[in-house]
Amino acid sequence: MKCAKLINKKIEIIEVDKPVLNKNGAIIKVLGCGLCGSDLVKIAHVNNENEKNIILGHEVVGIIEEINCDIKGFKVGDKVALGHHYPCFECEYCKNQSYSMCKTFKKSNIFPCGFAQYIFVDENHLKYTVYKMNDALKDDEKAFLEPLSCCLRAIRRAGFEYGQDNSKFNSLVIGLGSIGLLMLKGLKAFKVDAYGFDISPERMDLAHEHGFSFDENKKYDCVFLTAGATGAIETALKHVIDGGKIIVFSSVKDDLAGFSNNEIYYRELSIISSYSPSVFDMELSCELLNKKIVNVENLSTCYSLDNLSKAVDDSFNNKIFKAYIEV
Ligand SMILES: [Zn+2]
Ligand SMILES: [Zn+2]
């Protein structure tokens, strides 16, 4: 079967053996997989040492082709969307709800990778990261299950609860790529008064089309950083209220250009980070997508697996908003 692999820092589509069902779990025939910002970061930072360990693709949509355990009523032929990591629920990190710091979480992954014709998922994946989605959604929309769940965790870590009226709070999202726009849509689903900013006029236009704007003169209770640019930190500090929260949701190239200690102290700012989703966020993500409370229609550009390299190049060059790879 075909599978994407980084070889000499280039994406190659190679032939590998189809995975076999020799442990409890399922074989999924992959229909497609979203290209995540974290895949792009991995590709950008590939070197000779880490190359063999890089697993690309985790926003998978597929059909259960074989299954040997009885979990959540899954059966052969079910169309599902899935993510890649699950926690142990037993370690100190898990007890502290820092699920993404759990060793099991970091180790668990689909096999061989999301950009492959078939994958193996184990029984814990089936329990925690695999979901049946509404048939009314297109496949590229289902692939937003995992990325939306990451945003929902960030929104919850900012202190918002789903189902509550959070409309007296406002939030600004800085960086309006696909994750930034998804964060805005998530905030709206949480009934937070949501605003977005990006230095790119095209991205501001797209945010406008989705009903989001930026008010230069406002101060914001929460600022979400999804830009991956150090310059965004200054913008966040400028627009957050004294006593407000900044939610760090992206890595930056220049790691040493950070937040000023004294500004955080004297303004009593809370700097909160959010990395990857919990199972509870996956569940809510599934519900919000299925009910179209978060609508992700027409956000993705589709590519074939053979054109994965082009999808990556187009993403790096900001030619597209979000790539979905049809396998
Ligand atoms: Zn992702
Ligand atoms: Zn754990």
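What distance separates the centres of domain 1 and domain 2, taken over C-alpha atoms? In this predicted model, the two centres are 28 Å apart.

## Domain organisation

The domain assignment divides the protein into domain 1, made of residues 2–144 + 296–326, and domain 2, made of residues 158–273. In the contact of these domains, 6 residues come from domain 1 and 5 residues from domain 2. The side of domain 1 that touches domain 2 consists of 4 nonpolar, 1 polar and 1 charged residues.

## Strand β3 and its partners

Strand β3 covers residues 25–34 and is mostly covered, with 8 of its 10 residues buried. Pairing of β3 with strand β4 (residues 59–67) is antiparallel and extends over 8 bridges; here I27 stands opposite E66 in β4. Strand β6 (residues 118–122) also pairs with β3 in the antiparallel sense, over 5 bridges, and I28 stands opposite I119 in β6.

A further antiparallel pairing joins β3 to strand β14 (residues 322–326) through 3 bridges. In that pairing, G34 stands opposite Y324 in β14.

## The parallel sheet

An open sheet of 5 strands follows the order β9-β8-β10-β11-β12, and its pairing is parallel. Strands β9 (193–197) and β12 (270–273) stand at the edges; each has a single partner strand, so one side of each is left without a neighbour in the sheet. On average, neighbouring strands of this sheet are turned by 20° against each other, direction ignored.

Within the sheet, strand β8 (residues 170–174) runs parallel to β10 and is joined to β10 by 4 bridges. Helix α7 (residues 178–189) lies across β8, β9 and β10, and runs at about 170° to β9.

## Two buried positions: F224 and G196

F224 belongs to strand β10 (residues 220–225), where V173 stands opposite F224. Is F224 buried or exposed? F224 is buried, because 32 other C-beta atoms lie within 10 Å, and 20 or more are needed for a residue to count as buried. Leaving aside residues up to four places away in sequence, F224 touches A154, S171, V173, I174, M183, I247 and F249. Of these contacts, M183 is 41 residues from F224 in sequence, and the C-alpha atoms of the two are 8.3 Å apart in space.

G196 is found in strand β9. G196 is also buried, with 26 other C-beta atoms within 10 Å. The contacts of G196, not counting residues up to four places away in sequence, are V173, L176, G180, L184, A207, F212 and F214. By contrast, G196 and I13 are 183 residues apart along the chain, and their C-alpha atoms are separated by 37 Å.

## Packing of helices α6 and α11

Two packed helices are described by the angle between their axes and the distance between the axes. For helix α6 (residues 145–157) and helix α11 (residues 279–290), the angle is about 115° and the axes are 8 Å apart. The crossing in which α6 passes α11 is right-handed.

On the α6 side, the contact involves L145, L148, S149, L152 and R153; these meet D281, M282, L284, S285, C286, L288 and L289 in α11. By class, the residues of this contact divide into 8 nonpolar, 2 polar and 2 charged.

## Backbone features in loops

Most residues other than glycine have a negative phi, and most peptide bonds are trans. Which peptide bond is cis, with omega near 0°? The bond in question runs from F111 to P112. P112 lies in the loop between α3 (103–107) and β6.

Positive phi values occur at two lysines. Phi of K72 is near 50°, and K72 is located in the loop between β4 and β5 (79–82). K72 counts as exposed because 12 C-beta neighbours lie inside 10 Å, and a residue with 12 or fewer is classed as exposed. Phi of K191 is near 60°, again a positive value in a residue other than glycine. K191 is in the loop between α7 and β9, and is partly exposed, with 16 other C-beta atoms within 10 Å.

Conventions:
Residues numbered from 1 in each chain as written. Chains lettered and ligands numbered in written order. Predicted model: local features only at pLDDT ≥ 70, side-chain atom pairs only at ≥ 80, totals over all residues. Domains from an automatic or database assignment. Contact = placed C-beta atoms within 7 Å. Nonpolar A, V, L, I, M, F, W, Y, C, P; charged D, E, K, R; others polar. Pairing = 2+ DSSP bridges. Axes fitted to C-alpha atoms, helices over the stretch in contact; angles between N-to-C directions. Left-handed = near helix turned anticlockwise from the far one by under 90°.
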